[in-house]
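Biologist: Could you walk me through this structure and explain the terms as we go?

Modeller: Happy to; let's look at the picture together.

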Amino acid sequence: MEKFNKVQDKLIDLGASFIGCSDVEAYLPESLKKVRYAITVGVRLSDFVIDQIDARPTYTYFHHYRTVNTLIDQITLRGQIEIQNMGYTAMAVPASQTVNDLEDSYSGIFQHKTAAVKAGLGWIGKSGLFISSKSGPRVRLGTILTDMKLPLQSDTTLNGCGDCRICVDSCPAMALTGNSWFEGCDRSHIVDAKACSEYMNRNFKHIGRGSVCGICIRVCPKGFLNKNIDLLQGRR
Ligand code: SF4
Ligand code: SF4
């Protein structure tokens, strides 16, 4: 516990907005099961930047998205080194990386949101995004996998989407099914990843190389609990 506290303090010092711990052995491929404990690192995005997204992403948002990912990679790398120096095995999972030889070509080696949900930090929304209990979808996540035993969170957060379907109705690609997430469900139950990706490539190539959109982050009321809602619905 003392060692974990030291790691946690370092991650916060380096810029993490929040930290969570979980056991993700059941979700790992055989080759990664040795490092079954996950430290989730979350960084809060800029409200000002997100609020400027309208019917398309902004250049600033694209830059922000990439620099926050770089920050997360730096935080998790430094955490990984710290844990390794304590005599444990650790691996920083890339903040944003798709692996084309996987069955699902829109996925990375490990889903950060799986660990974040198991850590009780939030839920998966109808947008398919991780929705933090405190900041909604306005966060980016990273993960350190390790064999260092961690203080685990036993309670999971209840799905807070309820009857809301603002992201579903705002998606210009009509890529969201409106279904609610449940543990073990296939991603296609929530989102048509191909439709989302192709829409971004077709319409936002000149802004974010076709890799960002941000509309479903911008409109989610869980991200701006105390602000006036300016819905993007109907602007397709
Ligand atoms: S990123 Fe854009 S296109 Fe993709 S699901 Fe969200 S709103 Fe739809
Ligand atoms: S916009 Fe509504 S339905 Fe979509 S993720 Fe946010 S709370 Fe859930």
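**Helix, sheet and ligand shells**

Modeller: In helix α6, which spans residues 193-203, the buried residues are Ala193, Ala195, Ser197, Tyr199 and Met200. Please keep in mind that this is a predicted model.

Biologist: What makes a residue such as Tyr199 in α6 "buried"?

Modeller: The word means under 20% relative accessible area. Tyr199 is buried, so its value falls under that 20% limit. Phe204 is buried as well.

Biologist: What do the buried residues of α6 pack against?

Modeller: They pack against α7, residues 205-208.

Biologist: How many aromatic pairs are there in the whole structure?

Modeller: A search finds two. In one of them, the rings of Tyr199 and Phe204 have centres 5.6 Å apart and planes at 75°.

Biologist: Why is the pair of Tyr199 and Phe204 called edge-to-face?

Modeller: Take the two values in turn. Rings pair if their centres lie within 6.5 Å, and these centres are 5.6 Å apart. Planes over 60 degrees apart count as edge-to-face; the planes here stand at 75°, so the name fits.

Biologist: Now the sheet: what is the order of its strands, and is the pairing parallel or antiparallel?

Modeller: The order is β1-β2-β6-β3 in an open sheet of four strands, and the pairing is antiparallel.

Biologist: What makes β1 and β3 edge strands?

Modeller: Each of them, β1 (18-23) and β3 (90-93), has a single partner strand, so one side of each is left without a neighbour in the sheet. From one strand to the next, the twist averages 25°.

Biologist: How do you know that β3 and β6 pair?

Modeller: Pairing needs at least two bridges. β3 and β6 (residues 139-146) have four bridges, in the antiparallel sense, so they qualify as a pair. Within this pairing, Val93 stands opposite Thr143 in β6.

Biologist: Which strands does helix α3 lie across?

Modeller: Helix α3 (residues 59-85) lies across β2, β3 and β6, at about 20° to β6. Helix α1 (residues 2-13) lies across β1, β2 and β6, running at about 140° to β1.

Biologist: And the ligands: what surrounds ligand 1?

Modeller: Its shell is Cys171, Pro172, Ala173, Leu176, Cys196, Cys213, Ile215 and Cys216. These divide into eight nonpolar, no polar and no charged.

Biologist: Why do the cysteines there count as nonpolar?

Modeller: Because Cys is grouped with the nonpolar residues here, as are Pro, Ala, Leu and Ile. The shell around ligand 2 divides into six nonpolar, two polar and two charged; Lys126 and Lys222 are among its residues, and Lys counts as charged.

Methods. Residues are numbered from 1 along each chain as its sequence is written. Chains are lettered from A and ligands numbered from 1 in the order in which they are written. This is a predicted model: local features need pLDDT of at least 70, side-chain atom pairs count only at pLDDT 80 or more; totals for chains, interfaces and linings use all residues. Side-chain values use heavy atoms; hydrogens and water are left out. A residue is near a molecule or strand if one of its heavy atoms lies within 4 Å of it. Rings of Phe, Tyr and Trp (its six-membered ring) pair if their centres lie within 6.5 Å; planes under 30 degrees apart count as stacked, over 60 as edge-to-face and the rest as tilted. Buried means under 20% relative accessible area, exposed over 50%, partly exposed in between (1.4 Å probe, protein chains only). Helices (H or I, at least four residues) and strands (E, at least two) are DSSP runs, numbered from the N terminus. Axes are lines fitted to C-alpha atoms, for helices over the stretch in contact, and angles run from 0 to 180 degrees between N-to-C directions. Contact means heavy atoms within 4.5 Å.
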